[in-house]
Amino acid sequence: MSHLFFRRIERRPVLLSFSLLMLISLIQYGQSSMQIAKRSSVFHDSPYTMWLSMDQFSFIPILFFLLVPLLAAIPGATLIAKDRQTRFTQQLILRRGGMRVAWGYLVTSFLLGAVLVGGTLLINFFGFFLLLPNLKPDFFLNLNIAVMSQDTLWVGLYYTHPLWHALASILLAATWSGLFASFATAMAWFLKNRFLTVAAGLLLQIGLMAANLLLPLPVHVSFVPSDFMRESAGATLSGAVVAGVTVIVVLVVAGLTMIGGRVRAYESNR
Amino acid sequence: MLTKAIVEQTWRWFLWHRRWQLWLVLAAALSASLACHGLHASLSGYALQNTVFDRFQFLVVYFPLCLVATLTTDTFRGLDAAACGTRAVLWGQRVLRLLVTQTALLIWWSLFVLGGLLWTHSLRFLDLGLAGRTVLTLWLTQLLVSSCAELLVATLHSRIAAFLITWLAVAGLFALTVAGVPALIFAFATVLTPMRAAGDQLILLGLTGFVVTTLRWATAREAL
């Protein structure tokens, strides 16, 4: 069943998303390379302190993580929105059943979003090994990047095994990109407007940003994905809050998919 | 005659689609609540102006919502062009719809912000003349950004690409502003810059006029 959806992935939206993600990532890479070239000593810097998710001195990472919900959702959400418009989903539902079709689209969309963003972050991260020596970050020498328990998850791991920490951060970012893509796909069952479907993840992020400001948690712990998707954020983070928000969004996406799949299946069989 | 018909049709469209109005009110309320966040009566007039017209809030929330509102309402019927015998009707519908949507969004936003200022007892510290001129600049900026997005839709036939390109351009200008280069799009966010002194509203009006004229050309060549 999943082969059917993977075969139907369109190359153009995937390329558009990947190109834009890579473009933003390359701009940050270029900016950092110029900074490194200007410095007399590079030995305090390492890929772990300079890559996209750790760069605290540039506007580009903020832009990247703000745009992730939209760019990750483009391939999957476009696919389902187009299929709904051409009524191809109805044909699929009649042959395979509403729930199987809904989960098929959801899994495809999740994987596409996760691979696109995760891939871009991996390329950026490993690209910095071409510029800088593989040195472990030091708490005192790299004090300027201010990686501490308030703004970074698993900060002990960062100083002991920075590679694993970076990979874990990429995994979290990829998971959330997949979740944004899945949310847009789940919303596609209810929205007719294709543009609004693709922008659903972005609107969710904007809504969470507003909620974070207007209804702050104790100690102002951020529950905005663009904050905790970064390896080190400019906001207070907590593992429990990240896990809680993730579980809530997973449940919402699953709920929307189940309701959407059933409603469309009922409509198709009527 | 055609212009009158377009105006009437657009107005009826706006009144009929209650869902769009609700969406605009929600978007305006969301953005205004963020603009009013952190307002208190002890702020000076300058700080108050900077808090309400915070450029980062506009980049991240207000402009995306403006673009989403413009692009989701960008629908037209080829039948209208066939009935009138000219595509000018489609261009007129686009421009008027954009004008109505953006103006409604700004009015709702201003009302919510005004409510926030009254609620926090900080209205008396605000220079109303300056704030009024800033809102006018903001309206013209919105029109320019939205008409650029419409022009891209007519050229690229993709609303997603139009949204991304326009927002990335605005973000690039934001980065320039942060670096100290005055950018026209964020002229409203600063109380006085060389750009504002040079008559930013006139420049914005001229640029919007140019984009709208180009939109007419693009609509005439657009494959329906």
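Guide: Helices are DSSP runs of H or I with at least four residues, strands are DSSP runs of E with at least two, and both are numbered from the N terminus. In this structure, the span of residues 201-219 of chain B is 100% helix and 0% strand, and its end C-alpha atoms lie 26 Å apart. This is a predicted model, in which local features need pLDDT of at least 70 and side-chain atom pairs count only at pLDDT 80 or more, while totals for chains, interfaces and linings use all residues. Residues are numbered from 1 along each chain as its sequence is written, and chains are lettered from A in the order in which they are written.

Visitor: How many helices and strands does the secondary structure of chain B come to?

Guide: Chain B comes to ten helices and zero strands. For the overall form one can use the radius of gyration, taken over C-alpha atoms, and set it beside the globule rule, 2.2 Å times the number of residues to the power 0.38. For chain B the radius of gyration is 18 Å, close to the 17 Å that the rule gives for 224 residues, so chain B is as compact as a globular protein of that length. Along its principal axes, the C-alpha trace of chain B spans about 60 × 35 × 30 Å.

Visitor: What does the UniProt annotation "transmembrane region" cover in chain B?

Guide: UniProt positions are given here in the numbering used for this structure, with feature names shortened, and annotations may be inferred rather than shown by experiment. The unreviewed UniProt entry places this annotation on residues 59-77, 98-119, 131-153, 160-189 and 201-219 of chain B. Of residues 160-189 of chain B, 63% is helix and 0% strand, and the end C-alpha atoms of that span lie 27 Å apart.

Visitor: How should I read helix α4 of chain B, and where does its kink lie?

Guide: The expected span of a helix is 1.5 Å times one less than its number of residues. For the 18 residues of α4(B), residues 55-72, that gives 26 Å, and the end C-alpha atoms are 24 Å apart, which agrees. A bend at a residue is the angle between axes fitted to the seven residues ending there and the seven starting there. In α4(B) a kink of about 35° lies at Tyr62(B), shortly before the proline Pro64(B).

Visitor: Is Val52(B) buried or exposed?

Guide: A residue is buried if 20 or more other C-beta atoms, placed from the backbone, lie within 10 Å of its own, exposed if 12 or fewer do, and partly exposed in between. Val52(B), in helix α3 (residues 45-52) of chain B, has 23 other C-beta atoms within 10 Å and is therefore buried. Two residues are in contact if their C-beta atoms lie within 7 Å, and Val52(B) touches Ala35(B) and Val113(B), not counting residues up to four places away in sequence. In α4(B), 16 of the 18 residues are buried, so this helix is largely enclosed by the rest of the structure.

Visitor: What is the sign of phi at Arg87(A)?

Guide: Most residues other than glycine have a negative phi. Phi of Arg87(A) is near 65°, a positive value in a residue other than glycine. Arg87(A) is found in the loop between α4 (60-85) and α5 (88-96) of chain A, and with 10 C-beta neighbours inside 10 Å it counts as exposed.

Visitor: How many residues does the contact take from chain B and from chain A?

Guide: Chain B gives 17 residues to the contact and chain A gives 17 residues. On the side of chain B that touches chain A, α8(B) gives the most, with seven residues.
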